[in-house]
Structures are given as C-alpha cells and as structure tokens.
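Reader: I am new to reading protein models. Can we go through one together, feature by feature?

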Amino acid sequence: PLSSSSLRRGALRSFYRGIDEIDWLVGVLQQNFSDMKGFLVIVCTLVVAAAVMFFLLFATHPCVRDADACYNGIIEADDFDDTAKGLSSFEDALLTMYDVGIFGAFSVAGFEDTAFPPLTAAVFCFYMYLIMVVALNALIAILGDSFDRAQENKLVNRNRQRAQLMVEYLDVMGAEKRKKIE
C-alpha cells in the first residue's frame with residue numbers, strides 16, 4: 001500500500017530513495033528538474049515562435065499546398081523536402097520545429113519556394129543559433145550548477161530522504177506494529 005504523500009511525489013521516486021547506491025542521484029535529478037523550469041519555458045517559447053514564423057513563411061510552399069508535390073520527380077532521398085512537408089499545419093509545425101531545434105533534423109532544400117526566402121534563411125539561422133548553441137550550452141551550465149549544488153548537500157539530502165521514507169513506512173504500517181517499534 002502506498003500513502004497519499006508517496007503518490008503525490010511518485011511511487012517510483014520514493015522507491016529509489018531507499019537504495020544507498022542511487023539515493024544521491026534522486027537528489028541530483030530533483031535539483032536538475034527544479035532548476036530547468038525557467039529554461040524549459042524559454043525553449044518552449046522559442047519553439048512556438050519559430051513554428052509560427054515558419055508556418056507563415058512556408059504557407060505558399062508547393063509541399064504545403066499539395067502534399068503530393070513533394071514526391072514528384074524525386075530521384076534521391078536528399079531531394080525530398082521533409083521540413084516543408086512538416087509545416088503543413090500548425091501542430092505539425094510545432095513538432096517539426098522541435099525536431100529541427102533539438103535534434104537538428106532539417107532540410108533547407110525548400111527555402112527558395114517560401115514566401116520570402118532571405119527572411120526564411122535568416123530566421124532559420126537565428127533559430128538554430130539560439131537553440132543549438134545558446135540554449136543547449138545554457139542547459140549544460142544549469143545542469144552542472146545543479147549537480148554541484150546537489151553534491152554540496154548530498155549528506156543532508158540523503159538523510160532527509162531516508163527520514164521521509166521512514167515516515168511513509170510508518171504511515172502505511174498498522175497501529176500495532178508502530179506501537180511495537182515505538
């Protein structure tokens with residue numbers, strides 16, 4: 001049986017807190033997720049802004065107007081413009097811009113068929129620079145700082161987590177067994 005407090009924090013996380021070899025890692029991960037909140041808001045804002053811009057810039061692209069146009073006359077896989085095909089709806093544009101920014105999966109083959117090709121290239125370069133260089137380096141710095149902070153408080157966090165685990169076990173335990181322990 002799980003107590004309501006362990007369900008709120010997650011049963012899996014509570015389970016791992018009691019294992020000596022990895023309880024410090026739980027503290028590091030908690031610190032990382034806590035410190036990444038602001039970063040994730042900024043990255044999500046950048047992805048949404050890029051999705052809006054590219055959705056509008058690619059509105060006149062042949063692949064967006066007619067999905068079959070992307071497949072006509074393809075000789076090699078490199079000729080297929082998968083980035084333009086992924087911008088046919090706003091929902092697809094969000095996923096495509098996430099894929100482009102985080103994983104670097106893109107094709108610049110269709111930029112010349114957009115509403116304004118020089119602006120498309122400039123927005124693309126700016127987006128890639130912001131996400132791939134600035135944001136990911138900021139994430140590395142944030143996670144490094146979080147790790148250092150978690151390491152400084154390693155013993156305190158481990159003892160606090162163990163104490164919380166004991167309290168949870170006592171909550172779940174029957175009254176008779178608790179009286180024997182006390």
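Author: Yes. Keep in mind that this is a predicted model. Start at the surface. W24, L25, L29, F33 and F147 make a nonpolar patch of about 460 Å².

Reader: Which helix gives the most to the nonpolar patch?

Author: Helix 3, residues 23-35. This helix gives 4 residues to the patch. F33 lies in helix 3.

Reader: Is F33 buried or exposed?

Author: Look at the relative accessible area. Exposed means over 50%. F33 has 57%, so F33 is exposed.

Reader: Now the opposite case. How do I read T114?

Author: Use the accessible area again. Buried means under 20%. T114 has 7%, so T114 is buried.

Reader: Where is T114 found?

Author: In the loop between helix 7 (90-103) and helix 8 (117-152).

Reader: Which residues does T114 touch, leaving out those up to four places away in sequence?

Author: L57, F58, T60, H61 and T120. Check the polar side too. A polar atom of the T114 side chain lies 2.8 Å from the backbone oxygen of F111.

Reader: Now zoom out. How many helices and strands are in the protein chain?

Author: The chain has 10 helices and 0 strands. Of its 182 residues, 28% are buried.

Reader: What about contacts along the chain?

Author: Take the contacts with a separation of 6 or more. Residues 24 or more positions apart account for 69% of them.

Reader: And the whole surface?

Author: The accessible surface comes to about 11500 Å². Carbon and sulfur atoms hold 64% of that surface.

Notes: Residues numbered from 1 in each chain as written. Predicted model: local features only at pLDDT ≥ 70, side-chain atom pairs only at ≥ 80, totals over all residues. Heavy atoms only, no water. Helix = DSSP H or I, 4+ residues; strand = E, 2+ residues; numbered from the N terminus. Buried < 20%, exposed > 50% of the residue type's maximum accessible area, 1.4 Å probe, protein only. Polar contact = N/O pair within 3.5 Å; in protein donor to acceptor, adjacent residues only side chain to side chain. Contact = heavy atoms within 4.5 Å. Patch = residues over 30% accessible without salt bridge, like charges linked within 9 Å, V, L, I, M, F, W, Y side chains within 5 Å. Areas by Shrake-Rupley, 256 points an atom, 1.4 Å probe, with all protein chains shown as cover. Salt bridge = Lys/Arg side-chain N within 4 Å of Asp/Glu carboxyl O.
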